[in-house]
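Visitor: I am new to this structure. Please pick one part and take me through it closely.

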Amino acid sequence: MRGGGGRRGSPRSCPWLWTGPRRPALSRPAALVRSRLLLRRPRPPRAATDRLPALAPAPGSRPAPGLAMLRALRPGSPGPGPLGQALPPSATALRHRLRQVSTERSSASWGGRVRGGQGYADRIPEAEAVLDLLEKCPEHQKKGDFPVIVFEGLDATGKTTVTEAVKDNLNGILLRSPPPCISQWRTVFDDEPTPIKRAFYAAGNYILASEIAKASTQAPVIIDRYWHSTAAYTIATETNGKVKDLPPAHDEVYQWPEDLLKPDLVLLLTVDPEERVQRLQRRGLEKTKEEAELEANSLFRQRVEESYRRMVNPACQVVDASPSKEEVLKTVLQLINKHFAL
């Protein structure tokens, strides 16, 4: 399960409460790789600039630097309404949305459920808990001296196997999104309308950023899914039709939020669609709603995959995960060595 707690290398609590375990003694090759990674210092973040018209900020709040990411799209792409409503582009917007749904929700605002032909308002108590965790996170998190490497991809592309192996090879720390402190509520939010569901997953990224900031001061950080996953599924869900109907390449919707901690490297694992379905069947696990949609709707799967490929700043480096796990791991480690000039 994504974001499940209790796995080796994954903290059981949120970043402001977490202290990592003592690292085991390193072999000479692992120590050499780790020391070289430490020598690579992150570049200071560029000043946030936003030359595009921003979306309206939450009432009473200052405009957030990432609000222009989901600006009005070009002709032929989905309007700003669906994407802007489905995925708040900043922590400020997320807090505003979660604050709304933790108190009350109307069918008119959120596409809520209908009883007897009439919409009705209700609250989501879990949203208040997520909001509380989000508000404890410092704004504009900064990473430590160690690299942060994200693995993205559809289910059954080998992310769990590869991330565990890379974590062991680099003597790193493995994190997952959504983080364990909120993953217990995934089933609650998965049954909610899209704007609320995406707000939950987006909030998970900001909460995870606090954990990344802490962990990257101690060891290389390996992450199983992060912002690109949240954005790719949102874009694909809110766009109808074929790949050509997606927002055009280089559109701002594919940009990384300016107020979210950025990884050093993002690797996108891909496999042949038929092979991926066979892997899922061998797992024997219950399918999520999105996985069922991926299997039943090839156009949706293509939109998700293409959305991943169009992400920029940072972009995804595609890795063919069809070969044996040993070959895939070798390829991944070579890309890491090349990226960090080891």
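Guide: What follows is a close look at one helix, α5, and its surroundings. This is a predicted model, where local features need pLDDT of at least 70, side-chain atom pairs count only at pLDDT 80 or more, and totals for chains, interfaces and linings use all residues. Residues are numbered from 1 along each chain as its sequence is written, and side-chain values use heavy atoms, with hydrogens and water left out.

Start with the setting. The protein chain holds 14 helices and seven strands (DSSP runs numbered from the N terminus: helices are H or I, at least four residues; strands are E, at least two). Of its 342 residues, 51% are buried (under 20% relative accessible area, with a 1.4 Å probe and protein chains only).

Now to α5. This helix spans residues 125-135. Its buried residues are A127, V130, L131, L133 and L134. They lie on the same side of α5, because they cover an arc of only 160° around the axis (taken from the directions from the helix axis to the C-beta atoms). What covers them? The cover includes α3, α7 (180-183), α8 (186-190) and α9 (194-215).

Look next at V130. Leaving out residues up to four places away in sequence, V130 touches L98, I182, W185, F189, F200, A203 and I207 (contact means heavy atoms within 4.5 Å). V130 also sits in the largest nonpolar core, which has 59 residues (a core is a set of buried Ala, Val, Leu, Ile, Met, Phe, Trp, Tyr and Cys residues joined through side-chain atoms within 4.5 Å). There, V130 and Y226 touch the most other members. Helix α9 gives the most to this core: 13 residues. Another core lies apart from it, with 20 residues. V166, I222, V271 and I336 are among them. In soluble globular proteins, nonpolar side chains tend to be buried together.

Then turn to L134, at the other contact with α3. L134 is touched by A91, a residue of helix α3 (residues 91-103). A91 counts as buried because its relative accessibility is 9%. Beyond its neighbours up to four places away in sequence, A91 also touches Y206 and D259. Sequence distance can mislead here. A91 and N205 stand 114 residues apart in sequence, yet their C-alpha atoms are 9.7 Å apart in space.

Long-range links run through the chain as a whole. Among contacts between residues at least 6 apart in sequence, 78% join residues at least 24 apart.

Methods: Buried < 20%, exposed > 50% of the residue type's maximum accessible area, 1.4 Å probe, protein only.
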